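Colleague: Could you walk me through this one? I'd like to hear how each label is earned.

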Amino acid sequence: MPLVNAKEMLTKAKAGHYAVGQFNINNLEWTKAILLTAEELKSPVILGVSEGAGKYMCGYKTIVGMVNGMLEELNITVPVALHLDHGSYEGAKKCIEAGFSSIMFDGSHYPIEENFEKTKELVGICEELGLSIEAEVGSIGGEEDGVVGMGECADPDECKMIADLGVTMLAAGIGNIHGVYPANWPGLSFETLDAIQAKTGSMPLVLHGGTGIPDDMIRKAISLGVSKINVNTECQLVFAEATRAYIEAGKDKQGKGFDPRKLLAPGTEAIKAKVKEKMEIFGSVGKA
């Protein structure tokens with residue numbers, strides 16, 4: 001099945017009161033693990049690519065070629081969107097040219113007027129090409145590829161302003177952060193989320209920083225309009241832990257050093273398990 005934009009899967013998720021998982025990819029092994037798990041569970045899935053990961057994986061065209069090849073070789077039948085995560089204005093245009101099926105333009109660090117104008121231009125381009133587009137209002141806390149946000153809550157009126165441009169989905173800050181949540185984190189602002197949904201109606205909302213948010217908060221966020229949830233740090237943690245344990249056990253020395261295919265296998269299996277766990281919490285299993 002070829003890449004699709006995320007509009008149909010997220011519209012169905014909003015109506016069905018579940019969320020589609022966006023799982024960020026960093027190499028071939030991660031991509032394969034996520035795709036195989038989505039196919040096994042018959043769940044739609046979004047592959048997220050940060051600009052940093054794009055550079056690491058030799059550019060956006062390389063990523064598009066890798067993902068398209070896997071969709072064919074692995075006989076993937078579930079809907080898959082390839083999505084730029086927290087993209088800059090320039091990065092969004094590069095991903096459009098490279099063949100991504102979905103982009104995020106994160107203009108949250110601009111004044112709202114500049115965020116509005118840049119988002120408006122990119123919406124027009126995406127509509128013409130049949131791509132989905134995510135916008136952001138209110139910065140997400142933590143660090144993402146060097147961009148640091150304080151976790152401010154978005155203004156519901158500004159959310160409506162951006163949503164009315166015709167974006168496919170909207171990421172709004174509701175106290176969520178990237179990375180591991182600190183012990184004194186006060187939790188998600190459901191009051192803000194409820195107000196944003198009241199202003200944006202049927203617009204699918206996006207929850208960034210899905211790592212470590214308690215399951216009951218996840219489910220409540222979905223009930224208040226969240227239709228896409230991003231997960232990255234949890235996959236990084238389980239991948240690192242499984243790989244480290246394999247190395248420390250010394251199971252693959254063979255007198256000639258480590259075989260990278262064996263070295264990465266435990267981490268890959270750990271990612272499969274984590275993706276499965278998250279898809280079950282999000283309620284997307286069997287929704288493809």
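**How the labels are earned**

Modeller: Sure, starting with β1 and β2: strand β1 (residues 20–24) pairs with β2 in the parallel sense over three bridges. Bear in mind that this is a predicted model, where local features need pLDDT of at least 70, side-chain atom pairs count only at pLDDT 80 or more, and totals for chains, interfaces and linings use all residues. Residues are numbered from 1 along each chain as its sequence is written, and side-chain values use heavy atoms, with hydrogens and water left out.

Colleague: What makes β1 and β2 a pair?

Modeller: Two strands pair if DSSP finds at least two bridges between them, and β1 and β2 have three. N24, for one, stands opposite G48 in β2. The chain gets from β1 to β2 through helix α2 (residues 28–41), in a right-handed β-α-β crossover. Strands (E, at least two residues) and helices (H or I, at least four) are DSSP runs, numbered from the N terminus.

Colleague: Why is that crossover called right-handed?

Modeller: With the strands pointing away from the viewer, the path from the first strand over the helix to the second has to run clockwise. The β1-α2-β2 crossover is right-handed in that sense.

Colleague: Which strand does β2 join over six bridges?

Modeller: Strand β3 (residues 80–85), and the two run parallel. The bridge partner of S50 in β3 is D85.

Colleague: Why is β2 called largely enclosed?

Modeller: Six of the six residues of β2 (residues 45–50) are buried, so the strand is largely enclosed by the rest of the structure. Buried means under 20% relative accessible area, against over 50% for exposed and partly exposed in between (1.4 Å probe, protein chains only). V45, L47 and V49 cover one side, and I46, G48 and S50 the other.

Colleague: How do you know that T233 is buried?

Modeller: T233 has a relative accessible area of 16%, and the cut-off is under 20%, so the label fits. T233 is found in helix α10 (residues 233–249). Leaving aside neighbours within four places in sequence, T233 is in contact (heavy atoms within 4.5 Å) with G179, V180 and T211.

Colleague: What classes of residue make up the lining of the largest cavity?

Modeller: Nine nonpolar, no polar and no charged residues. Nonpolar here covers Ala, Val, Leu, Ile, Met, Phe, Trp, Tyr, Cys and Pro; Asp, Glu, Lys and Arg are charged, and the others, Gly among them, polar. The largest share of that lining, three residues, comes from β9.
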